[in-house]
Structures are given as C-alpha cells and as structure tokens.
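Colleague: I should be grateful for a close look at a single part of this model. Please treat the surroundings of that part as well.

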Amino acid sequence: MNSTPQPSGVEPRDGVTVIKRMGAWAVTMYWPQGASGTVGPREVHVVPAEDADPQEVARGISSTVLRQINTTPSRDFAAMRSLAEAADMEIRELGERLASLSGGLTDERLAVLSALYVHFVDVGERAPAQRLAVGFDLNPATVKGHLRAARQRGFLTKVEGKAGGQLTAKAEQTLRGMKRGAGTEEV
C-alpha cells in the first residue's frame with residue numbers, strides 16, 4: 001500500500017511511502033509492510049524538488065533542513081496504517097467498528113479493543129496500546145484503562161511485565177455475536 005505516489009525513478013513496493021516538501025527539498029520516507037507505527041522510517045531520501053530554486057539547491061542540504069524532517073507519522077497516517085495494514089477484512093472491520101462505538105465499557109467495545117490489541121502485539125508492535133490510542137484518536141490512559149478492564153472482565157489474558165495476551169473464549173463469543181448482529185451489554 002502506498003499513501004502517496006512514488007517519486008520518479010522509485011519502484012512501487014509494499015509498505016507506506018510519505019513524501020513531504022521541505023523548502024527546496026522533497027523528502028521521501030518509507031516504512032516497509034508490517035513495520036511498527038511507533039518507529040521511524042526504514043529509508044529517508046532527500047532530493048531537490050522539481051521546482052526548487054537552483055541557488056538553494058546549490059547550497060546543498062543543510063543541518064537545519066535535516067533537523068526539520070519529522071519522521072514521526074501524523075495521526076492521520078497512523079489511523080490509515082492501523083486499518084490498512086490489517087492483513088484481513090475482519091481486522092479492518094473491527095477497526096471501523098471500534099471507531100463507531102461509544103466510549104462506554106460495553107462487552108462489545110472491550111472485545112473489539114482486545115482483538116485489535118492482540119493483532120498489534122502479533123505483528124510486533126512495540127507499544128500496542130499507544131498504537132491503538134494514536135490510530136483511533138483516543139486518550140492513551142483511557143486505552144490502557146480499557147485494556148485493564150478487558151483483562152479483569154475476562155476478554156484478554158494477562159501477561160506479566162510486558163505487552164501481550166490472547167483473546168479468551170468470552171471475547172471470541174462476543175465477537176461472533178457481533179457478526180450475527182447481537183446486542184451488547186453495558187456494565
């Protein structure tokens with residue numbers, strides 16, 4: 001998946017490519033497919049922009065230009081990756097479902113949040129709770145609190161001292177019920 005057109009001379013490849021304009025320079029950043037949304041890009045290319053001032057280009061790339069390159073993905077970028085990198089339709093549907101749910105601690109919300117969290121852990125995300133928060137424009141403390149509630153209410157198994165866990169039978173049953181259009185129970 002490419003979020004923007006590839007610059008000329010660069011072959012399309014799986015992953016996310018972002019092109020930003022920095023004065024006279026075009027900065028192309030590339031994250032390979034499956035790369036974590038909390039890490040920097042794997043590649044950064046800085047080349048003169050097509051319409052750049054020749055005098056600015058002649059001065060070369062300054063340290064000021066390099067310091068201005070923000071390699072942190074934006075919220076929109078993270079949200080796009082949260083949904084688009086999901087390998088199958090079920091994960092994308094869960095992401096869309098989470099975005100549409102109210103903020104209450106319903107069984108449905110906890111099951112969906114747990115499933116997305118497990119997905120991010122499984123693909124190697126170093127900070128899956130933070131990824132959920134950024135990807136869905138949620139407060140990080142709220143996400144952590146909801147994940148804690150999901151563990152306490154039996155939707156997600158516990159892992160001591162690190163990110164992780166698995167969906168429980170209760171979470172799987174709730175997710176299957178959602179597919180059939182069953183309602184949820186708010187506690």
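Which residue just after α6 takes a positive phi?

Modeller: The residue is Asp137, whose phi is about 50° and which follows just after α6. As this is a predicted model, a word on confidence belongs with the description. The average pLDDT of the protein is 76, and 72% of the residues score at least 70. In residues 1–8 the pLDDT falls below 50, and this stretch has 25 contacts in the model beyond near neighbours in sequence. Residues 182–187 also have a pLDDT below 50, with nine such contacts beyond near neighbours in sequence.

Helix α6 itself spans residues 128–135. Six of its eight residues are buried, so the helix is largely enclosed by the rest of the structure. The buried positions are Pro128, Ala129, Arg131, Leu132, Ala133 and Gly135; Arg131 is thus listed alongside Leu132 and Ala133.

Part of the surroundings of α6 is supplied by helix α5, residues 107–122, which packs against α6. Two packed helices are described by the angle between their axes and the distance between the axes. For α5 and α6 the angle is about 120° and the axes lie 9 Å apart. The two helices are therefore oblique to each other, and their crossing is right-handed. On the α5 side, the residues that meet α6 are Leu113, Leu116, Tyr117, Phe120 and Val121. Their counterparts in α6 are Pro128, Ala129, Arg131 and Leu132, each of which is also among the buried residues of that helix.

For context, the model also contains an open sheet of three strands, in the order β1-β2-β3 and with antiparallel pairing. The edges are taken by β1 (15–22) and β3 (43–48); each has a single partner strand, so one side of each is left without a neighbour in the sheet. Direction ignored, neighbouring strands of this sheet are turned by 20° against each other on average. Strand β2, residues 25–32, is joined to β3 by six bridges, and the two run antiparallel. Within this part of the sheet, Val27 stands opposite Val46 in β3.

On the other edge, strand β1 includes Ile19. Ile19 has a relative accessible area of 33% and is partly exposed. The C-alpha atom of Ile19 is separated by 6.4 Å from that of Met29, although the two residues are 10 residues apart along the chain.

Key. Residues are numbered from 1 along each chain as its sequence is written. This is a predicted model: local features need pLDDT of at least 70, side-chain atom pairs count only at pLDDT 80 or more; totals for chains, interfaces and linings use all residues. Side-chain values use heavy atoms; hydrogens and water are left out. pLDDT is the predictor's confidence in each residue, from 0 to 100. Contact means heavy atoms within 4.5 Å. Two strands pair if DSSP finds at least two bridges between them. Helices (H or I, at least four residues) and strands (E, at least two) are DSSP runs, numbered from the N terminus. Axes are lines fitted to C-alpha atoms, for helices over the stretch in contact, and angles run from 0 to 180 degrees between N-to-C directions. Buried means under 20% relative accessible area, exposed over 50%, partly exposed in between (1.4 Å probe, protein chains only). Angles under 35 degrees count as roughly parallel, over 145 as roughly antiparallel, 65 to 115 as roughly perpendicular and the rest as oblique. A crossing is left-handed if the near helix is turned anticlockwise from the far one by less than a right angle, and right-handed if clockwise.
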